[in-house]
Amino acid sequence: MIRFEQVSKTYPGGQQALRQVNFHIAPGEMAFLTGHSGAGKSTLLKLISIMERPTVGRVLINGHDLNVIHRRQVPFIRRDIGMIFQSHQLLMDKSVFDNVALPLIIEGHTHKEIAKRVGAVLERVGLADKSRCLPITLSGGEQQRVGIARAVVNKPPLLLADEPTGNLDPKLSLEIIRLFEDFNQAGVAVLIATHDLGLIARMKYRTLTLKKGQMITDGLTEEWPGDDDEPAI
Amino acid sequence: MSLLFKGRAQGAERVGISPLQQLTMFFVSHIRQALASLGELWRNRAASMMTIAVLGLSITLPSTLYILLKNTERVSAGWDQASEITLFLHRSTQIGDIHQLQTRLGLWPEIEKVEHIDKSQAMDEFKQLSGFGDALNHLDDNPLPDVLLVTPTSKHTSPTAAGLLLDKLRKEREVEVGQLDIQWLERLHGLVGIAKELVSVIALLLFLAVVLIIGNTIRLNILNKRDEILVMKLVGATDAFIQRPFLYTGFWYGLLGGLLAWVTVALLLWWMSDSIAKVAQLYQTQFSLDGLQGDALLTMLGLSVFLGLAGSMISVHKHIRAIEPK
């Protein structure tokens, strides 16, 4: 599904965010991406959603090289990727319903279809009764679920989450992760970037660890060495 | 079709909407965005009104000047064809020769009629009109020459044809001086021509200013909605989709500004109609200003909409592209 081949990213100014990263995430797989702040987690996700382009190497989604995707095609790529952010990125002056409906409006669905699908997805994230509320009136966990609803409303085959539990307490974090597991079980590939090691430790999922831009571990959580400076492999 | 995933249909095709329905949805979404832009203008009434006023007044000035010019042209167009050639004859010419000349010229195909103004008759008229009556009585003999007024046929009233005719008439032995009464008209036309160019230049500068003002207003709109645009880009909105509401805003600015200009021009003309009527009365003519009608009105509204769209397009093109999620 997602394949990185010798990917390096150097930002203008010389800061090297990623160094020769290689990995592959299979269709329908769920994986965590972890590392200290500044290790390159966000950069890695940005390369997948084409917010940044690699300096060297190739990023492939479903066998398609993202280097050859033209600027004009980027919006269409993003429609295949559900993205969730720590800061939610909601429109604060629009209702929950309108926020979640946005990807469908952009794709040009009919009113009836939009109402049906937004209703269904809000039901699924447990916000069916909040659809007329403004996001500002919701709690942090609820806002994050609105963000997730928006990411999955057009049923993308791939979900990316950047610190989705960043501002949430452990209980709420677990609820959010359970939600991702639900979608994963429905066949969606999920890649979650987080530095919440406690959360990862409770899960049995593949974990990719970045350190100073390099992929230092890639394996199941059981083999994960913890927050150790020495790579175990 | 999805670019990345074969078999994953995107958007409308996934739910099996027919092409006709898709086309309908396209228009429905356009209308929805157009109305949303209008609603947006309404919510920021004060700011919108100011922008519309700037646009409207900027269009009012050239439009008013244009109307005044058009009316000047309309009035002077009537005078264009009335050319008359005045021939002053040698004072030594005998009355018999004059009559002979008059008959001879009357036979020319270019000439409609020839009128003789006798020098004593001319003197009487001059005494009456000039107010020099008594002084003129002291003159020993009449200093005025006999005059022939030549009216060309309608084919030869244009300035060039009449000029040619004048040259021909000057060659007659009895003619001392020949004058064409359209020279001052040519000068008037020259002046009107300059005025026209001036109006064009003023209009051009004002239109440019309008485009810049609209462009800047739209730029501020875009920056105000920066966050919204970022989110839309994140969930896969194309630039075309994002810029549409802003283009509609420009369209509405143009249309409303144009309508405002129309109303202002009408008010101005109404305001001026009294004083113009007074002037017309002095010249003992019936004259009323033609306002903006039909084609001219449509042209003005079209131009106004065009300016609004052009301003927003420039702005949108530059700034929406620059906002990218980082």
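Which residue in E5(A) is the bridge partner of A:Leu60? Keep that one in mind while you load things up; we'll get to it at the second stop. One caution before you start clicking: this is a predicted model.

**Stop 1: chain A as a whole**

Show chain A alone, as a cartoon. You should find seven helices and ten strands. The C-alpha trace spans about 50 × 40 × 35 Å along its principal axes. A compact globule with 233 residues would have a radius of gyration near 17 Å, and chain A, at 18 Å, agrees with that. Of those 233 residues, 45% count as buried. If you like contact maps, try one here: among contacts in chain A with a separation of 6 or more, 67% are between residues 24 or more positions apart.

Now colour by pLDDT. The mean for chain A is 87, with 94% of its residues reaching 70 or more. Then select residues 223–233 of chain A, where pLDDT stays under 50. For this stretch the model has ten contacts beyond four places in sequence. Where pLDDT is low, the predicted coordinates should not be read in detail.

**Stop 2: the open sheet**

Select E2, E1, E4 and E5 of chain A. These four strands form an open sheet in the order E2-E1-E4-E5, with antiparallel pairing. E2 and E5 (64–65) are at the edges with a single partner strand each, so one side of each has no neighbour in the sheet.

Start at the E2 end. E1 (residues 2–10) and E2 (residues 16–25) of chain A pair antiparallel over six bridges. Pick A:Lys9 and look across to E2(A): its bridge partner there is A:Leu18. Next, zoom in on the hairpin between E1(A) and E2(A), which has five residues between the strands. Click A:Gly13 in that hairpin and check its phi, which is positive, near 105°.

Move over to the other end. E4 (residues 56–61) of chain A is joined to E5(A) by two bridges, and the two run antiparallel. Here is the reply to the opening question: A:Leu60 has A:Asp65 as its bridge partner in E5(A).

**Stop 3: the nonpolar cores**

Bring chain B back and select A:Val100, A:Ala149, A:Leu159, A:Leu160, A:Phe180 and A:Val190. These are the residues with the most contacts inside the largest nonpolar core, which has 94 residues. Add helix H9 (residues 239–282) of chain B to the view: the largest share of this core, eleven residues, comes from that helix.

Centre on A:Val100. Leaving out residues up to four places away in sequence, A:Val100 touches A:Val118, A:Val121, A:Leu122, A:Val146, A:Ala149, A:Arg150 and A:Val153. Apart from the largest core lies another, of ten residues, including B:Leu89, B:Leu148, B:Val150 and B:Leu169.

**Stop 4: where the chains meet**

Which side of the contact should you colour next? Try chain B's: 23 of its residues are in contact with 24 residues of chain A. Helix H1 (19–43) and helix H8 (226–234) of chain B each supply at least two residues of that side. H8(B) gives the largest share, four residues. Colour the side by residue class and you get 14 nonpolar, six polar and three charged.

**Stop 5: a long reach in chain B**

Finish at B:Lys318, in helix H10 (residues 294–322) of chain B. B:Lys318 counts as partly exposed because it has 13 C-beta neighbours inside 10 Å. Now draw a C-alpha to C-alpha distance from B:Lys318 to B:Gln281: the two are 37 residues apart in sequence and 56 Å apart in space.

Notes
Residues are numbered from 1 along each chain as its sequence is written. Chains are lettered from A and ligands numbered from 1 in the order in which they are written. This is a predicted model: local features need pLDDT of at least 70, side-chain atom pairs count only at pLDDT 80 or more; totals for chains, interfaces and linings use all residues. Two residues are in contact if their C-beta atoms, placed from the backbone, lie within 7 Å. Ala, Val, Leu, Ile, Met, Phe, Trp, Tyr, Cys and Pro count as nonpolar, Asp, Glu, Lys and Arg as charged, and the others, Gly among them, as polar. Two strands pair if DSSP finds at least two bridges between them. pLDDT is the predictor's confidence in each residue, from 0 to 100. A residue is buried if 20 or more other C-beta atoms lie within 10 Å of its own, exposed if 12 or fewer, and partly exposed in between; C-beta atoms are placed from the backbone. The radius of gyration is taken over C-alpha atoms; the globule rule is 2.2 Å times the number of residues to the power 0.38. A nonpolar core is a set of buried Ala, Val, Leu, Ile, Met, Phe, Trp, Tyr and Cys residues joined through C-beta atoms within 7 Å.
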